[in-house]
Amino acid sequence: MEPISPKLRERMTGVSWHRGCPVGLGELRLVRATYVGFDGRDRQGSVVVAARYAKGMLAVLRRLHAKGFPIRRMELIDRFGGDDHRSMHHDNTSAFNCRFVNGTNRWSNHAHGEAIDINPRENPYVSGSYVSPPEGRAYADRDERRPGMIFGHGVVTSSFERILGWEWGGLWPSPTDYQHLSSDGS
């Protein structure tokens, strides 16, 4: 858990963070963690979260690693120009991104550093027949359990709930956001 370095500050400014964001860069922390890739090998990745959640986020990511829960990729959203759709297309797990909730002028929990999206392809956002990312359509049917999918009472949801008190968007009736975990469940 590291403060945002000058180099990272430069990388984030104008991409995932900008003037007017509801949190300053000083209120965020970089969390580096080892995770299990879909090939079973250990990988290194990073997320940015609110400082008050950094220690808990590291504990959750360590637990997921210990339990062998696979993550496809975990890179800062800046790698994708701050574009959620590009990040999801690459099945990237990411957290902080200063943006509004789609279709609104209300800040997303991601803009506060209080949310994470895990394996978006395996855990898509579903609203009626709309699935995002489109590559996640095969995973919209939750009857078949496959690696990287998040389920209620599974290791991901139980870890986030127990360690951080975060809630899962997979419990929303509609739309359902299987990839999303956040501090207040929205």
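A residue counts as buried under 20% relative accessible area, as exposed over 50%, and as partly exposed in between. Because tyrosine 130 has 44% relative accessibility, this residue falls in the partly exposed class. The structure is a predicted model, and the points below take up a sheet of 3 strands, the aromatic pairs found by a search of the whole structure, and two arginines placed over rings.

**Sheet**

- The open sheet is built from 3 strands in the order β6-β5-β8, and their pairing is antiparallel.
- The edge strands, each of which pairs on one side only, are β6, covering 130–132, and β8, covering 176–177.
- Strand β5, made up of residues 125–127, pairs with β8 in the antiparallel sense over 2 bridges, and threonine 176 in β8 is the bridge partner of valine 126.

**Aromatic pairs**

- The search of the whole structure gives 5 aromatic pairs, one of which joins tyrosine 125 to tyrosine 130 in an edge-to-face arrangement, with 6.3 Å centre to centre and 75 degrees between the planes.
- Tyrosine 125 counts as partly exposed because its relative accessibility is 26%, and tyrosine 130 is likewise partly exposed, at 44%.
- A cluster linked by ring pairs contains Tyr53, Phe160 and Trp166.

**Charges over rings**

- Arginine 79 has its charged end over the ring of phenylalanine 80, at 5.5 Å from the centre of that ring.
- Arginine 146 lies over the face of tyrosine 139, where the distance from the ring centre is 4.1 Å.

Terms used
Residues are numbered from 1 along each chain as its sequence is written. This is a predicted model: local features need pLDDT of at least 70, side-chain atom pairs count only at pLDDT 80 or more; totals for chains, interfaces and linings use all residues. Side-chain values use heavy atoms; hydrogens and water are left out. Two strands pair if DSSP finds at least two bridges between them. Helices (H or I, at least four residues) and strands (E, at least two) are DSSP runs, numbered from the N terminus. Rings of Phe, Tyr and Trp (its six-membered ring) pair if their centres lie within 6.5 Å; planes under 30 degrees apart count as stacked, over 60 as edge-to-face and the rest as tilted. Buried means under 20% relative accessible area, exposed over 50%, partly exposed in between (1.4 Å probe, protein chains only). A charge sits over a ring if NZ of Lys or CZ of Arg is within 6 Å of the ring centre and within 35 degrees of the ring normal.
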